[in-house]
Amino acid sequence: MHISLFMSGLSGGGAQRRLLNLARGFVERDHQVDILVGNDDGPFRSEVPAAARLVCLGSRWTQWPLLRHRRGLWVPALMPALAHFLAGERPEAVLATSTPANLTALGARAMAGTATPVVISVNVHLSGSTVGARRSYGAIVRRLVASAYPHADAIVAISPDIAADLAATAGVARNRIAVIGNPVDREGIERAAAAPVEHPWLQPGQPPVVLAVGKLKKQKDFPTLIRAFARVLHQRPARLIVLGEGEERARLQAMVTRMGLSDVVSMPGFVTNPYCWMARASVFVLSSAWEGLSNALLEALACGCPAVSTDCPSGPRNVLANGTFGPLVPVGDDTAMAEAILSLLAEPPAAERLRDRVRAFALDRSTERYLEVLEAASTRCRTAKAIRVAPGPELLEP
């Protein structure tokens, strides 16, 4: 197949890593793969498979100050360029991910006037991600999703809870939504985890390190983690490292300073290889208020790192199998989080047991399931075109 993968850019994030993992799986099976982005500059550029074609759709419009730092605005601004690509290249299927990219792909297909199958991948808990937004913004996003997503040829959610929430929040029929977990490249992670780490806190003989990985933004709720870590320090020596970058950095740094934690909390920024950090940390913590499935949580388990997570909507409960592979704590509860961290520091589970959990999310398995959805969508569109009728709801079952 000729498959085009559309995402906002290569700046680093769970959705981008998922599509790049799938791109690797697709090209290994000899499919022709395009990676379409609005911005081709970013730390994940080196992750683009050599056999895939990287296409930058960005234009001077996306560099306007009004748009440049607002993905929800500049990704839709790519619609004309994406429509031009679809009309000229005629891929057999398009796979998009993230709300702005999904809406843009569906709009571009309509603008191009082609029958290109568009499969959208939903990686965010819609109600959770919009409830804290400005009321008007959240309502607009939900309305756009409700009106546009039914026109997708197939819909994939990365967890059962995301599928259920999308059906309830946007009115998308639940039987239209396939559930496919995030692909985890265990072999690649194990190779990357063996790389050396320069940070002095991760050298032998140092106090245990609590690690978090994610964009520094409200969703990740790092203030709760910092408060929980302060409670941990009342019981035993430890260090906290937070890997990531984002708009909350200044606020978090100020909080660390105000609480007198500057000597025991480090925020080195974004790193392209977090796995060697995970492999040497004592506990990984996901403190999010909401999630999709959480690549970082899966990757920490793949590295054999004990993990604590909030029981947020929607993915961590699925990843940790209702707490079987790591404690789940209430969102925003720093006391419960501290107790869970201390319990894992005192009695860590066997690393191999955690690695085995990730087998359910193997890259090969996810790749095959995505290909089934893409090939079915492409076949339906070819059949509908041949008999000169538009595909009805009965043809859109994933």
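Helix 10 and helix 11 cross in the right-handed sense (a crossing is right-handed if the near helix is turned clockwise from the far one by less than a right angle, and left-handed if anticlockwise). Their contact is made by F222, P223, I226 and R227 of helix 10 and R251, L252, M255 and V256 of helix 11, where contact means heavy atoms within 4.5 Å. The axes of helix 10 (residues 222–233) and helix 11 come within 10 Å and cross at roughly 15°; axes are lines fitted to C-alpha atoms, for helices over the stretch in contact, and angles run from 0 to 180 degrees between N-to-C directions. That makes helix 10 roughly parallel to helix 11 (under 35 degrees counts as roughly parallel, over 145 as roughly antiparallel, 65 to 115 as roughly perpendicular and the rest as oblique). Helices (H or I, at least four residues) and strands (E, at least two) are DSSP runs numbered from the N terminus.

The model is predicted: local features need pLDDT of at least 70, side-chain atom pairs count only at pLDDT 80 or more, and totals for chains, interfaces and linings use all residues. Residues are numbered from 1 along each chain as its sequence is written, and side-chain values use heavy atoms, with hydrogens and water left out.

Helix 10 also packs against helix 15 (residues 334–346), at an angle of about 55° and with the axes 8 Å apart. That makes helix 10 oblique to helix 15. The crossing of this pair is right-handed. On the side of helix 10 the residues that meet helix 15 include T224, L225 and A228, and on the side of helix 15 they include M337, I341 and L345.

What does helix 10 lie across? It lies across strand 8 (209–213), strand 9, strand 10 and strand 11 (283–286), and runs at about 165° to strand 9. These strands belong to an open sheet of six, in the order 10-9-8-11-12-13, with parallel pairing. Strand 10 and strand 13 (328–329) stand at the edges with a single partner strand each, so one side of each has no neighbour in the sheet. Two strands pair if DSSP finds at least two bridges between them. Strands of a sheet pair through backbone hydrogen bonds, either parallel or antiparallel.

At one edge, strand 9 (residues 239–243) and strand 10 pair in the parallel sense over three bridges, and L240 has V265 of strand 10 as its bridge partner. Strand 9, helix 11 (residues 249–258) and strand 10 make a right-handed β-α-β unit; the crossover is right-handed if, with the strands pointing away from the viewer, the path from the first strand over the helix to the second runs clockwise. Strand 10 (residues 265–269) is largely enclosed by the rest of the structure, because four of its five residues are buried (buried means under 20% relative accessible area, exposed over 50%, partly exposed in between, with a 1.4 Å probe and protein chains only). At the other edge, two bridges join strand 12 (residues 307–310) to strand 13 in parallel, and S309 is paired with L328 of strand 13.

There is also an open sheet of seven strands, in the order 3-2-1-4-5-6-7, where the pairing is parallel. Strand 3 (53–56) and strand 7 (177–179) stand at the edges, each with a single partner strand, so one side of each is left without a neighbour in the sheet. The twist from one strand to the next averages 25°. Strand 4 (residues 93–97) and strand 5 (residues 118–122) run parallel and are joined by four bridges, with V94 opposite V118 of strand 5. Helix 1 (residues 14–28) lies across strand 1 (2–9), strand 2 (32–39), strand 4 and strand 5, at about 160° to strand 1.

Two loop residues deserve a note on backbone geometry. Most residues other than glycine have a negative phi, and most peptide bonds are trans. D30, in the loop between helix 1 and strand 2, has a positive phi of about 70° although it is not a glycine. S98, in the loop between strand 4 and helix 5 (99–112), has a positive phi of about 85° and is likewise not a glycine. Is each of them buried or exposed? D30 counts as exposed at 70% relative accessibility, whereas S98 is buried at 5%.

A last residue is V358, in the loop between helix 16 (351–357) and helix 17 (363–386). V358 counts as buried, at 0% relative accessibility. Leaving out residues up to four places away in sequence, V358 touches V184, R186, L298, L301 and A302. The C-alpha atoms of V358 and V319 are separated by 8.4 Å, and the two residues are 39 residues apart along the chain.
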